Every structure is written in structure tokens, then in C-alpha cells.
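Me: I am new to this structure and would like a close look at a single part of it, set within the whole chain. Please take me through it step by step.

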Amino acid sequence: MSGTFTPPRLQVPASVLDLIGGTPLVRLDRFVAANPRVELYAKAEFLNPGGSVKDRAAAAILRDAAQGGRIGRDTVILDATSGNTGIAYAMIAAAYRYRLKLCVPDNVTVERKRMLRAYGAELVLTDPMEGTDGAIREARRLHAAEPGRYFYADQYNNDANWRAHYDTTAPEILEQTDGRVTHFVAGLGTSGTFVGVGRRLREYRSKIHLVSVQPDSPLHGIEGLKHMETAIRPGIYDSDLADEDVSVSTERAQDLTRQLASEEGLLVGVSSGAALAASLDLAARIPEGVIVTVFPDSGTRYLSERFWEPEQGR
Ligand SMILES: Cc1ncc(COP(=O)(O)O)c(C=O)c1O
């Protein structure tokens, strides 16, 4: 073989922070084959460096706090989360050399504790019987005892959360669809993704159809999503934004999550299955359109859950 090899011009990131965002849209043709005038795309947020959509919010929250002078050299960043946001904070805190303390119930998996400690986070292990509420109470107690020492990140009430999606996720969707997006579907956790993307898309196209997705009961198995009626309502949530708010059962979300893995090669978390369920119901009702939804994280985070083997999971 002869000839010269011209390598593609790849940008060299300065740090892991530059790897956040810019995720691809994956086209899900087979799910909407019944109507060729409907296109369905999922934003592959599991490809962020911390493995989830929460990298965007965590980066924005910490950047905003640093620029506002709320994180000094001796400040300890504090929150109560062992989920995707905790991982995102830990990754970013490592890259910025910030100190991070996370209050987490002692029964979180060994893998999760190792991951957070590998990033250098300090863990305050709380009573498993008190669940995440116990972890939140401990974080609030620590903050109240020494307010000057900590920056309490509070993603549920921090505008930098939804702004991350207004500033990055939504413009990416507009660019990746050449501005053709007509419908947007996303699950509600803190609501940052839905509110931020929804507000930006509505500014661009006032007739955009926005669909928010919730679990259909308070006791559900859709990690990352909130049953708003019974949960503590996030301060950043704007319930007037959605044209439709739909409920999805845990079983249906799990079925579609398994189907995404075995038929599309997309190993994603259950909240992606919930987003897909709502998107498919929408696709079946509209004559034409370009639907974009969000797949927030990877299925590798939940492999010990029994639903992957459906005959045992029920
Ligand atoms: C797996 C998963 N899906 C969905 C969401 C919802 O995202 P948001 O908090 O932006 O509403 C989260 C948030 O933590 C999550 O972890």
C-alpha cells in the first residue's frame, strides 16, 4: 500500500470540561417506520464524559458559582446526591481541583462509592434507613453549622441548571436538525433539561410542541425522574411550559429500555425508555413532524437491576 495518511483534524480538549456537550442525535427510524413523515431522534447524553446529561448542569452550576465569587480556594462544594449529578460534580471538581463533600446513604453500591472516591470526593455516609432525605438533612445540617465553609450547590433551585440547557443543549438540537425540530420530549427530574431546552426552542419556534414526561406513580422505578404531584417541587420547575405532560409506567419504560439495547444497540438507563415511550405515543398521533427526545444516561449504571432479565424482574 502506498500514499500518505492525512489524519482528520480533531480538536484537542484542554480538560475533561471541554468534552461536555456536543453529543450526537441518534435517529430512531425503526420505531416510527409506520409513518415516513415522522422523524424521531434521541440526544445521546450518555456520551458526556461523566456518563450523563447532568454533566451540563453541574458544569454550569460550578462555573456560575466560581464566576460569582461563591467558590474560593478553601470552599468545600457540598450536596446530597449519589446519582448522576454527584458523579458530574465529582468529575468537574477533580478537574478544577475543587474540594467536594457529598452526603450519601450508606447503602449505595460499592461501585458508586468507589467511583466518587476515585474522583477525589469526600463522602459523608448517612443512615440507609433515612434514604436520600437523610442525606439531604445531613447536608443542610453541615451547611447551617458552617455556612462560610461550604457552597451548597442545590440543583433543584439553581437557575444555572436550566440555563445550561438553554445555552447548550437547545442550540445543539436546533443546529443538528437544521432548525426543523417540531416536537420536544423530555423527562422531569430537577426539570432543568425540559425547562431549559423548552424555553429556548419556544423562542425559536412559538408553535413548538413540548411534552414533559413523569412516572405514573410515586413509587416507581424510573431512576432520575420525579412524580411531581407527590415529590418536593423543584424551584426551577415551570409547569406552564409544557403543551402536554404525560405519565409512563415503570414496566413500559423498562420494556423499551431492554428493546433499545437488544434491537438498537443502545444500552441506556430506564429514563431513556420512559422518554421513548412518550415519544412513540406522540409519533402515533401526529401526521408529520421532527421529534427530538433525550436519552439522559447509560444502562451500565444499572446493570445490577433485575429488570434486565424480564422473567425475574416481575
Ligand atoms: C437518569 C436521569 N434521567 C433524567 C434526569 C432528569 O434530568 P433533569 O434533572 O434535567 O430534569 C436525571 C436527572 O438527574 C437523571 O439522572
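**A close look at one loop residue**

Reply: The accessible surface of the chain comes to about 15500 Å², and carbon and sulfur atoms account for 48% of that area. This is a predicted model, and every value given here is computed from it. Before turning to the part itself, it helps to have the setting in mind.

The secondary structure of the chain is made up of nine helices and 10 strands. The radius of gyration is 20 Å, close to the 20 Å that the globule rule gives for 314 residues, and the chain is therefore as compact as a globular protein of that length. Taken along the principal axes, the box filled by the C-alpha atoms is roughly 60 × 60 × 45 Å. Of the 314 residues, 53% count as buried, and, among contacts between residues at least 6 apart in sequence, 71% join residues at least 24 apart.

The chain is divided into two parts, with domain 1 covering 16-52 + 163-308 and domain 2 covering 54-152. The contact between these domains takes 22 residues from domain 1 and 14 residues from domain 2, while their centres, taken over C-alpha atoms, are separated by 26 Å.

The part chosen for the close look is Ser191, which has its place in the loop between strand β7 (183-187) and helix α6 (192-204). Is Ser191 buried or exposed? Its relative accessibility is 1%, and because buried means under 20%, Ser191 counts as buried. As for what surrounds this residue, if its neighbours within four places in sequence are left aside, Ser191 is in contact with Met228, Ile236 and Tyr237.

A residue elsewhere in the chain may be set beside this one. Pro310 lies in helix α9, which spans residues 310-313, and at 33% relative accessibility Pro310 counts as partly exposed, whereas Ser191, at 1%, counts as buried. The C-alpha atom of Pro310 is separated by 28 Å from that of Gly50, and these two residues are 260 residues apart along the chain.

Returning to the chain as a whole, there are 36 positive and 41 negative charges, and the mean positions of these two groups are 4 Å apart. To draw the close look together, Ser191 is a buried residue that sits in the loop between β7 and α6, with Met228, Ile236 and Tyr237 as its contacts once the neighbours within four places in sequence are set aside.

Note on methods
Residues numbered from 1 in each chain as written. Predicted model: local features only at pLDDT ≥ 70, side-chain atom pairs only at ≥ 80, totals over all residues. Heavy atoms only, no water. Helix = DSSP H or I, 4+ residues; strand = E, 2+ residues; numbered from the N terminus. Rg over C-alpha atoms; globule rule 2.2 N^0.38 Å. Buried < 20%, exposed > 50% of the residue type's maximum accessible area, 1.4 Å probe, protein only. Contact = heavy atoms within 4.5 Å. Areas by Shrake-Rupley, 256 points an atom, 1.4 Å probe, with all protein chains shown as cover. Lys, Arg positive; Asp, Glu negative; His and termini not counted. Charge placed at Lys NZ, Arg CZ, Asp CG, Glu CD. Domains from an automatic or database assignment.
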